[in-house]
Amino acid sequence: MALGNCLQVSSTTRVGGGVLQCHIHTFSSKQKLNLVSFNRGLKKFPLSFPSFGYSKTTSRKSIFVCQAREALNTVQVVTESSWDKLVVASDNPVLVEFWAPWCGPCRMIAPVIDELAKEYSGKIGCFKLNTDDSPNIATKYGIRSIPTVIFFKNGEKKESVIGAVPKSTLSATIEKYVEQ
């Protein structure tokens, strides 16, 4: 998932004429890297990665960037195969947007759902389910119009909101189910 891009080394090198050249290497979760000798916090510092073209003799500066937090704060896709695990078995309240790629109002509400996922990160799970790809789940919950946003708590459907509604409407509904 998103944790595969958690560690990234980026550097810049000054080339002729004052032009900066950027180099980025993202470490996958399968690659191993010993960070003990680089334990200097989040400050910029020189690194040596000869296998990636990084050496102590160049003027490159590198920095580690953790992208996992942003990935966890986004709306994730849920399907029929992951429904029970991600929605029904969730310990936190869950917001699920039922949508389809051809739906104009769905595209309008998507940025609002993204904002809510970031604002309520760690308090609720935010997912989207493509009704064209997962019609059985949509039928099970009586989805007849999209976008429809359903709120679940303890695996049970609690409330639904139909249509491209304002952010304040969805926020007020979330607040009912989030434990303070």
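Student: Two strands pair if DSSP finds at least two bridges between them, so how many bridges join S7 to S8, and which way do the strands run?

Tutor: Strand S7 (residues 148-153) is joined to S8 by 6 bridges, and the two run antiparallel. Helices (H or I, at least four residues) and strands (E, at least two) are DSSP runs numbered from the N terminus. One caution: this is a predicted model, so local features need pLDDT of at least 70 and side-chain atom pairs count only at pLDDT 80 or more, while totals for chains, interfaces and linings use all residues. Residues are numbered from 1 along each chain as its sequence is written, and side-chain values use heavy atoms, leaving out hydrogens and water.

Student: OK. Which residue in S8 stands opposite Phe151?

Tutor: Glu159 is the one facing Phe151 there.

Student: And which helices pack on the sheet?

Tutor: Helix H3 (residues 104-119) does, touching strand S5 (94-99), strand S6 (125-130) and S7. Contact here means heavy atoms within 4.5 Å. The direction of H3 makes about 165 degrees with that of S5. Axes are lines fitted to C-alpha atoms, for helices over the stretch in contact, and angles run from 0 to 180 degrees between N-to-C directions. Helix H5 (residues 167-177) packs on the sheet as well, touching S5, S7 and S8, and its direction makes about 170 degrees with that of S8.

Student: What angle do H3 and H5 make with each other?

Tutor: They pack at about 40 degrees, and their axes are 10 Å apart. On the H3 side, the contact is made by Ile109, Val112, Ile113, Glu115, Leu116 and Glu119. H5 brings Lys167, Leu170, Ser171 and Ile174.

Student: Back to the sheet. What's the strand order?

Tutor: The order is S4-S6-S5-S7-S8, an open sheet of 5 strands with mixed pairing. Strand S4 (76-77) and strand S8 (156-162) are the edges, each pairing on one side only.

Student: Switching to cysteines: how many disulfides does a search of the whole structure find?

Tutor: Just 1 turns up, taking a disulfide as a pair of cysteine sulfur atoms within 2.5 Å. Cys103 is joined to Cys106, with 2.4 Å from S to S.

Student: Which hand does that disulfide have, and why?

Tutor: The disulfide is right-handed because the torsion about the S-S bond of Cys103 and Cys106 is about 80 degrees.

Student: Is Cys103 buried or exposed?

Tutor: Cys103 is buried, at 4% relative accessible area. The cut-offs are under 20% for buried, over 50% for exposed and partly exposed in between (1.4 Å probe, protein chains only). Cys106 is buried too, at 3%, and Cys126 comes out buried at 5%.

Student: What about Gly125, where does that lie?

Tutor: Gly125 lies in strand S6, and with a relative accessible area of 16% this glycine is buried. Leaving aside neighbours within four places in sequence, Gly125 is in contact with Pro93, Val94 and Leu95. Gly125 and Pro93 are 32 residues apart in sequence, yet 6.4 Å apart in space, C-alpha to C-alpha.

Student: Last one: how many helices and strands does the chain have?

Tutor: The chain comes to 5 helices and 8 strands, in the sequence pattern β-β-β-α-β-α-β-α-β-α-β-β-α. It has 180 residues, and 40% of them count as buried. Among contacts between residues at least 6 apart in sequence, 61% join residues at least 24 apart.

Note on methods
Pairing = 2+ DSSP bridges.
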